[in-house]
Amino acid sequence: MSRREGSLEDPQADSSASPLTHLEAKIQQTHSLARLLTKYAEQLLQEYVQHQGDPFGLPGFSPPRLPVADLSDPAPGHADLPVQERLRLDAAALAALPQLLDVVRRLQAELNPRALRLLRRLEDAARQVRALGAAVEALLGALGAESRGPGPEYAAAAATDSAGVFPAKVLGFRVCGLYLEWVSRTEVDLGQLAPGGPA
Amino acid sequence: MPAGRPGPAAQSARRPPPPLLPLLLLCVLGAPRAGSGADTAVISPQDPTLLIGSSLQATCSVHGDSPGATAEGLYWTLNGRRLPPELSRMLNASTMALALANLNGSRQQSGDNLVCHARDGSILAGSCLYVGLPPEKPFNISCWSKNMKDLTCRWTPGAHGETFLHTNYSLKYKLRWYGQDNTCEEYHTVGPHSCHIPKDLALFTPYEIWVEATNRLGSARSDVLTLDILDVVTTDPPPDVHVSRVGGLEDQLSVRWVSPPALKDFLFQAKYQIRYRVEDSVDWKVVDDVSNQTSCRLAGLKPGTVYFVQVRCNPFGIYGSKKAGIWSEWSHPTAASTPRSERPGPGGGACEPRGGEPSSGPVRRELKQFLGWLKKHAYCSNLSFRLYDQWRAWMQKSHKTRNQDEGILSSGRRGAARGPAR
């Protein structure tokens, strides 16, 4: 079992407290973080589409949902999986997102250099999702579930000259959308793990 | 395939699209999706840069193996708005052309979104149009040095300002007789078109300063401003400005201040300006001929009136320079009141209000509040008009509309009036 940063304290260090209390507290804390990041992710997506111009902000805008760097949307059957398996998938997705958000930030720094708030939100999102991913991994460790370990290094792209500004905008839209989907998915999955949530 | 035609007399400075970054793996629009057999397309030109008013010919070419890979039914949108079909025509079975004329400036700096759609509305390809103007020559560069330690400059962008394209401004400077070009790095310090050079500036030698503006359509350079740092020095406002009565003289106030300490080690003469106004007025009177003194007596004032006074400094003559420096900001307002006239007014010697002033009721209430304030803020129990004047200044600052409200209240009630409790 690999333990990452942010792993739980050894409950036996404080013999007067029940080990379950620490775990419950950690679950609630991580759940709250996921809820907060879901709200931030919604705001990020709104800010992002404003700066790209229509049709990005229009209702029904739907560019091709192409896979991005081995990260795809939660599968349709995700909710039917055991909660620990769901959290493993959540953790893997959360681990992939910081690099992608950073790519988007760098693209937007060229496309929208004066959109300082957008750039700041993208930078914050990368940092925050990294923290959430670490917290989920720590929970998995505490639950005795193996995480998938460090994700693969994303290889350099097979660069194509056909890539242009519009695909760069679409990429950012896709990544911001994936960020929102995965943090909200994580929030739901943690909610089921929290005391009082469905089994 | 016909390319986009930039407008006449335009050297379209096309920037390459943002480079793909090493961590990116993206199935790009235009590249077939692996295994899906779906149709995709390519728009040409990709991300053109055009002058406002110019025309564009674009094409959308469909690729794919399926029988549906045809240009039949394709349509275009620009910034989400569907373009009239009469602007499009099929060049061949797999290519749809578009002709746009008299283009307007781009709606967003990231480029206008020109999108090619399949019959069912799905997006096949996109291209971003950059339509704008080249920058005009920046002008009106002005610079100042705070206490000879730095240099801040600001400028005005070219005559029209709006280029519809991201325009980068770069302030450059160099020593006139030797040295290389340097680029200022701290932008937007005192507004959107400003830059601050914090250190490593030489004195007694002229600098050349200019601004370069660059965007996708070209660049422009301002005229060169030549200056010596010593000729554009400004300073902090004079500190410790005190305003006081001149004995019992009803129409005079004495103003005293200290010369700015930051320049005390340099050989210079300072000149000062004073401005003052009546408490409820917005019109300042300026006393201009205050040379190298640190006190001044204002005369010809109205008795029994509160005045606000400010002082500013011009550090001219630094190290023998013949040029005037740059005026500092005005000091914080300091208030004082002239003594009331000794002549008895109506009602026999009481502190009667003059025309236009609020009734004695509010004045007495004010005094009561003032005494309460004194207990908190004064460490001497002596009641003095100086302290009273300081309080008036404080009240003026924190309840700007109180006198207005009192004026309105005297003619009719008004809800939620601010100011002291009634």
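## Working through a two-chain model

Phe164(B) is partly exposed, with a relative accessible area of 30%, where partly exposed means between the limits for buried (under 20%) and exposed (over 50%), computed with a 1.4 Å probe on protein chains only. The model is predicted, so that local features need pLDDT of at least 70 and side-chain atom pairs count only at pLDDT 80 or more, while totals for chains, interfaces and linings use all residues. Residues are numbered from 1 along each chain as its sequence is written, chains are lettered from A and ligands numbered from 1 in the order in which they are written, and side-chain values use heavy atoms, leaving out hydrogens and water.

**Exercise 1.** Compare the settings of Phe164(B) and Asp47(B), in each of which phi is positive.

*Solution.* Begin with the angles: phi is near 65° in Phe164(B) and near 55° in Asp47(B). Next, place each residue, taking helices (H or I, at least four residues) and strands (E, at least two) as DSSP runs numbered from the N terminus. Phe164(B) belongs to the loop between strand E11 (151–156) and strand E12 (168–175) of chain B, whereas Asp47(B) sits in the loop between E1 and E2 of chain B. Finally, consider accessibility: Phe164(B) is partly exposed, but Asp47(B) is buried at 6% relative accessible area.

**Exercise 2.** Locate the cis peptide bond that precedes Pro45(B) and the one that precedes Pro55(A).

*Solution.* In chain B, the bond from Ser44(B) to Pro45(B) is cis, with omega near 5°, and Pro45(B) falls in the loop between strand E1 (40–44) and E2. In chain A, the cis bond joins Asp54(A) and Pro55(A), with omega of about 15°, and Pro55(A) lies in the loop between helix H1 (19–52) and helix H2 (83–111).

**Exercise 3.** Lay out the open sheet of five strands in chain B and find the helix of chain A that packs on it.

*Solution.* First write the order, E2-E9-E8-E4-E5, with mixed pairing; two strands pair if DSSP finds at least two bridges between them. Strands E2 (49–51) and E5 (81–82) of chain B are at the edges, and because each has a single partner strand, one side of each is left without a neighbour in the sheet. Within the sheet, E8 (residues 112–117) and E9 (residues 123–132) of chain B run antiparallel and are joined by six bridges, with His117(B) opposite Ile123(B). Helix H4 (residues 165–193) of chain A then packs on the sheet, touching E8 and E9 of chain B, and its direction makes about 115° with that of E9(B). Here a contact requires heavy atoms within 4.5 Å, and axes are lines fitted to C-alpha atoms, for helices over the stretch in contact, with angles from 0 to 180 degrees between N-to-C directions.

**Exercise 4.** Decide what is joined by the salt bridge of Asp54(A) and by that of Asp189(A).

*Solution.* Apply the rule that a side-chain nitrogen of Lys or Arg lies within 4 Å of a carboxyl oxygen of Asp or Glu. Asp54(A) and Arg107(B) satisfy this rule, their closest N and O atoms being 3.9 Å apart. Since Asp54(A) lies in the loop between H1 and H2 of chain A and Arg107(B) in the loop between strand E7 (95–100) and E8 of chain B, the pair joins two chains. Asp54(A) is partly exposed at 25%, and Arg107(B) is exposed at 53%. Asp189(A) and Arg86(A) also form a salt bridge, with the closest N and O atoms 3.2 Å apart. This pair links helix H4 to helix H2 of chain A across 103 residues, and both Asp189(A) and Arg86(A) are buried.
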